[in-house]
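Got the viewer open? Let's take a walk through this one, stop by stop, with something to select each time.

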Amino acid sequence: MSSIDTLPPLREVIATHELSARKALGQNFLLDLNLTAKIARKAGDLSECDVLEIGPGPGGLTRGLLAEGARRVLAVEKDPRCMPALAEIAEAYPGQLHVINGDALEIDPLEHLSSPVRVAANLPYNVGTELLVRWLTPKTWPPFWQSLTLMFQKEVAERIIAQPGSKAYGRLALLAQWRSDAKIVLHLPPEAFSPPPKVHSAVVHLDALEEPRYPADAATLSRVVAAAFNQRRKMLRSSLKTLSPEIEDHLVAAGIAPTERAEQVSLEAFCTLARSLKPTE
Ligand code: SAM
């Protein structure tokens with residue numbers, strides 16, 4: 001029998017430790033261990049990896065990650081009520097699960113991790129987006145993580161993988177796709193969670209690229225994309241005019257018609273434009 005089978009079912013864990021879901025912590029738990037194992041498999045080969053899990057809750061995904069052979073799991077959970085349930089899992093996998101009781105937005109988990117590192121999480125959606133943006137904008141590239149496997153509200157997942165010409169296309173798509181391969185690997189209906197949220201969910205998997213897909217200065221690219229999408233209905237010659245007095249020339253040089261709108265411009269063209277603008281321009 002594997003270690004996961006010796007642990008009680010998640011419904012029992014929740015009842016024993018009185019883990020009634022708290023809305024303020026975005027608690028919608030996954031109780032089906034077949035499903036958490038499936039999500040863990042989407043994270044890739046875990047056998048040689050440390051896995052950083054944010055928001056383990058009662059530990060359904062944690063159990064999946066360990067059962068799928070993670071070398072070590074570092075789990076960061078804000079709710080102290082979950083600690084006894086997580087301690088039971090740590091006991092079943094001696095030396096393989098380290099739990100930190102704290103806020104993932106305030107803790108730097110890096111000192112507890114050895115590379116290669118994969119990240120997996122079913123998080124409240126607002127925290128998930130904030131962490132995703134942080135993980136995609138480190139001071140140096142490649143980042144500490146090899147891959148991110150994260151649950152999002154379906155609409156946010158679609159924004160991450162969106163292509164030019166779609167309504168969902170914007171800053172998040174460009175940020176994610178510039179330095180990673182991003183894809184939706186699983187769709188989940190509200191009933192997959194307890195209690196069910198109001199929205200549909202999707203798991204996004206992002207593999208970090210060794211190098212950015214196209215060369216560009218990160219700060220300049222970010223400035224260009226922010227200006228373009230802050231006024232996404234305007235033509236670029238107008239929305240970007242604060243970036244340079246010669247913005248029309250820069251746009252033409254980058255192969256972008258000055259009359260185009262941000263939504264139609266590819267990642268490659270945004271990178272070409274960022275390279276043509278001096279970082280201080
Ligand atoms: N991973 C578990 C599962 O799939 O059943 C729980 C998912 S639940 C959507 C989100 C979890 O994140 C909760 O356990 C909640 O307490 C935790 N959480 C919320 N905000 C957090 C934060 N800032 N840092 C760490 N954990 C957080």
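**Stop 1: around the ligand**

Select the ligand and its surroundings: by class, the shell holds 13 nonpolar, seven polar and four charged residues. Keep in mind as you click around that this is a predicted model. Which residues come nearest to the ligand? Of the 24 around it, they are Phe 29, Gly 55, Gly 57, Ala 104 and Asn 122. Now colour β1 (29–30), α4 (60–67) and β3 (72–77), the elements that each give two or more residues to this shell.

**Stop 2: zoom out**

Show the whole protein chain as a cartoon, and you have twelve helices and nine strands to look at. Along its principal axes, the C-alpha trace spans about 65 × 35 × 30 Å. How does the radius of gyration fit a compact globule? For 281 residues such a globule would come out near 19 Å, and the chain has 21 Å, which agrees. If you colour by burial, 40% of the 281 residues count as buried. Contacts are worth a look too: among those between residues at least 6 apart in sequence, 67% join residues at least 24 apart.

**Stop 3: helix α9**

Next, select residues 218–230, which make up α9. This helix has 13 residues and runs 18 Å from its first C-alpha to its last, close to the 18 Å expected at 1.5 Å a residue. Show side chains for Thr 220, Leu 221, Val 224, Val 225 and Ala 228, which are buried. Turn the view to look down the axis of α9: these buried residues fall within an arc of 125°, so they line one face of the helix. The general rule behind such a pattern is that an α-helix has 3.6 residues a turn, so residues three or four places apart point the same way.

What do the buried residues of α9 pack against? Bring up α8 (171–179), α10 (236–239) and α12 (267–276), and you'll see their partners. Then flip to the other side of α9, where Ala 219, Ala 226 and Asn 230 are exposed.

**Stop 4: Gln 264**

Last pick: Gln 264, in the loop between α11 (247–253) and α12. Is Gln 264 buried or partly exposed? It is partly exposed, because 13 other C-beta atoms lie within 10 Å, and a residue needs 20 or more to count as buried. Add Gln 163 to the selection: it sits 101 residues from Gln 264 in sequence, yet the two are 9.0 Å apart in space, C-alpha to C-alpha. Finally, show Pro 164 and Gly 165, which Gln 264 contacts once its neighbours within four places in sequence are left aside.

Key. Residues numbered from 1 in each chain as written. Predicted model: local features only at pLDDT ≥ 70, side-chain atom pairs only at ≥ 80, totals over all residues. Helix = DSSP H or I, 4+ residues; strand = E, 2+ residues; numbered from the N terminus. Rg over C-alpha atoms; globule rule 2.2 N^0.38 Å. Buried ≥ 20, exposed ≤ 12 C-beta atoms within 10 Å, placed from the backbone. Contact = placed C-beta atoms within 7 Å. Near = placed C-beta within 6 Å. Nonpolar A, V, L, I, M, F, W, Y, C, P; charged D, E, K, R; others polar. Expected span 1.5 Å × (residues − 1). Arc of directions from axis to C-beta.
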